[in-house]
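Colleague: Please pick one part of this model and take me through it closely. I'd like to hear what surrounds it on every side.

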Amino acid sequence: MKQLFENWRKHLREQEEEPTISQKEEKFFGSDIRSIAMDLLDKVREYEQAYNYIGSSGRLAAEEVSNQFGKDIKFLGSGSWRAAFSVDNFVIKLNYQDSDSGREMNQDDINLGRMGEFSTLFPKVYMSDPNNDWIVMEKATPIKEWNQIMQYFPNKILGDYNSTKSQFSYYSLFMVCLDYKVLEMKGADSSLRRLNMEYEKDDYSDLFREKNPNFTKVPPLKVVVSNFEYPLFLLLVKLIVEFNVAIYEIRPGNTGIGEDGRFLLIDSSIQSRINNASIR
């Protein structure tokens, strides 16, 4: 995927005459992807009229369009308004119910990619239908285990997560540190004092003793937090503060890995909250 975009940028620099957006998309994302999205939408809606069951309609549409284009297209699932399909390194989301809600949700995904520094935390939308009846997105791999999250948030004091016996204490302390930084950014001094007291009462001694045989005392929470303060951690904190995202939402199932390996937020409830907050 990274090489794809490098080639795209190189091509654009070499062109004397700027091509249209659609020409760019067809050149570098494949001329079929737009047709696949449109045909999937038509087929799903056609089958829905016959079966009124998106499970069957989605699978039948995926099979038919796969045979038509010689692609391995898979039906991933559906919500109340949209159905998702995978093809190559992309996900296609369809407004199969032909509803305003489905079109708004597609627009929400597009908007997340226009949020400046925060846009890197969400899957990219590469192209869309003029009416937002379909979008073509980056394919994200859902994170299923805490060790996949913790690889993005190393800590010098705590060391390697995967080699830690007390992994529950490790990721619990990570969430405490995330909470601490959020409260600090909000200027919530009384809540910070309470969190420090809770940290001192909770027993993290085994975790620190495992990392340091000469352990005598749990280090101050502020010191542990400072060892998480990498750009990604601080960006996540800033997003949580600005859009009032619940810290417990940062967990396996709600997060994912992008095509270029970056950490993503993929849960629709998080995305909806951010979109709603950004409109106000």
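Modeller: Happily! Let's take β3 (90–94), which has both of its faces covered: Phe-90, Ile-92 and Leu-94 are buried on one side, and Val-91 and Lys-93 are buried on the other. That makes five of five residues buried, where buried means under 20% relative accessible area, exposed over 50% and partly exposed in between, with a 1.4 Å probe and protein chains only. Do bear in mind that this is a predicted model, in which local features need pLDDT of at least 70 and side-chain atom pairs count only at pLDDT 80 or more, while totals for chains, interfaces and linings use all residues. Residues are numbered from 1 along each chain as its sequence is written, and side-chain values use heavy atoms, with hydrogens and water left out.

Now for the neighbours in the sheet. Strands here are DSSP runs of E with at least two residues, helices are runs of H or I with at least four, and both are numbered from the N terminus. The sheet is open, with five antiparallel strands in the order β1-β2-β3-β5-β4; two strands pair if DSSP finds at least two bridges between them. At its edges, pairing on one side only, are β1 and β4. From one strand to the next the twist averages 25°.

On one flank, β3 runs antiparallel to β2, joined by five bridges. Ala-84 has Lys-93 as its bridge partner there, and two residues separate the strands in this hairpin, where Asp-88 has a positive phi near 55°. On the other flank, five bridges also link β3 to antiparallel β5, with Lys-93 opposite Ile-135.

Two helices lie across β3, contact being heavy atoms within 4.5 Å. Helix α3 crosses β2, β3, β4 and β5 at about 40° to β3. Helix α5 lies across β3, β4 and β5, at about 35° to β5. Axes are lines fitted to C-alpha atoms, for helices over the stretch in contact, and angles run from 0 to 180 degrees between N-to-C directions.

Finally, there is the largest pocket, with about 650 Å³ of space. Of its 23 lining residues, those closest to the centre include Val-91 and Lys-93. A pocket is an open set of points on a 1 Å grid over the protein atoms alone, where a 1.4 Å probe fits, with protein on both sides within 12 Å along at least five of seven lines; lining residues have an atom within 4 Å of a point. Its volume is the space filled by probe spheres set on the points.
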